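Hi,

Here's the structure I said I'd pass on to you. Have a look at it first, and then read my notes underneath.

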Amino acid sequence: EKIVIRKTVEDAADADDSDGTDFVISNKTDTAADSLTIDFRGVGFDDHATTNYFGLDLVTATNYETLNLISSTNDTAITPTGSTAAKGTVKKNEIEAISAGSATSIVVTGDTELSIGTDVATAAAKMTSFDASALNAKLTLVTGASKATYKAAKKDTVFTFGSNFTYEDTVVGGASAKDSMT
């Protein structure tokens, strides 16, 4: 299965992020090897300040063992004043929280900077592989408690493990000298 998510209208300016967008995706028939591809086309990001209220608050993908995420630019976007922004103006996508309870593998591709888990750590308890090595852009990931192999993107990658990093995790750096983990 493949879906495309675009965000063309900015959320209302607020301090508590209460009006953001959530997606819950579930398949009709659950098998042992379900795969889902989500193409994020210019969903933007929320800077939690006063200028940018795009991005997604939550993406829940239940019953998919393989989750493929594509980070790409937008086709068009409507600004708060009602004008149309040009194609490709969104240069960063943000998923503030992702829940993928059945996912054993998450693969990230595309050409647009991506942040995952900026509000809530990634929830994918069965995940054993997070591979962003085909993402030709920057990546920021706040991991959950999954014990997995994490592969960095081609550009600057930041993995934030907090207290979740153990001897069971493996981190493979990318091409950037600015890759980091905490």
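Before we start: when I say two residues touch, I mean that they have heavy atoms within 4.5 Å of each other. Also keep in mind that this is a predicted model.

Let's begin with Thr 157. Which residues does Thr 157 touch, leaving out those up to four places away in sequence? They are Leu 139, Ala 152, Lys 178, Asp 179 and Ser 180. Thr 157 belongs to strand β15, which covers residues 157–160. Its relative accessibility is 0%, so Thr 157 counts as buried. There's a polar contact here too: the side chain of Thr 157 reaches the backbone nitrogen of Ala 153, at 2.9 Å.

Now zoom out to the sheet around that strand. It's an open sheet of 5 strands, in the order β8-β11-β13-β15-β17, and the pairing is parallel. The edges are β8 (92–95) and β17 (180–181), each of which pairs on one side only. In general, strands of a sheet pair through backbone hydrogen bonds, and they can run parallel or antiparallel. For one pairing up close, try β11 (residues 113–116) with β13 (residues 139–142): they're joined in the parallel sense over 3 bridges. If you click on Ser 115, its bridge partner in β13 is Thr 140.

Next, the aromatic rings. A pair of rings is described by the distance of the centres and the angle of the planes. The count here comes to 6 aromatic pairs. One of them is Tyr 150 with Phe 161, an edge-to-face pair with 5.1 Å from centre to centre and 90 degrees between the planes. This pair links distant parts of the chain, 11 residues apart: Tyr 150 is in strand β14 (residues 149–151), while Phe 161 is in the loop between β15 and β16 (170–172).

Are these two rings buried or exposed? Tyr 150 has 1% relative accessibility, so it counts as buried. Phe 161 counts as buried as well, at 3%. Phe 161 also pairs with Phe 165: the centres are 4.9 Å apart and the planes are at 65 degrees, so this pair is edge-to-face. Phe 165, however, counts as partly exposed because its relative accessibility is 37%. Ring pairs link Phe 130, Tyr 150, Phe 159, Phe 161 and Phe 165 into a cluster.

One last thing to find: the charged end of Lys 92 sits over the ring of Phe 45, 4.8 Å from the ring's centre.

Happy exploring!

Note on methods: Residues numbered from 1 in each chain as written. Predicted model: local features only at pLDDT ≥ 70, side-chain atom pairs only at ≥ 80, totals over all residues. Heavy atoms only, no water. Helix = DSSP H or I, 4+ residues; strand = E, 2+ residues; numbered from the N terminus. Buried < 20%, exposed > 50% of the residue type's maximum accessible area, 1.4 Å probe, protein only. Polar contact = N/O pair within 3.5 Å; in protein donor to acceptor, adjacent residues only side chain to side chain. Phe/Tyr/Trp six-rings, centres within 6.5 Å; stacked < 30°, edge-to-face > 60°. Lys NZ or Arg CZ within 6 Å of the ring centre and 35° of its normal. Pairing = 2+ DSSP bridges.
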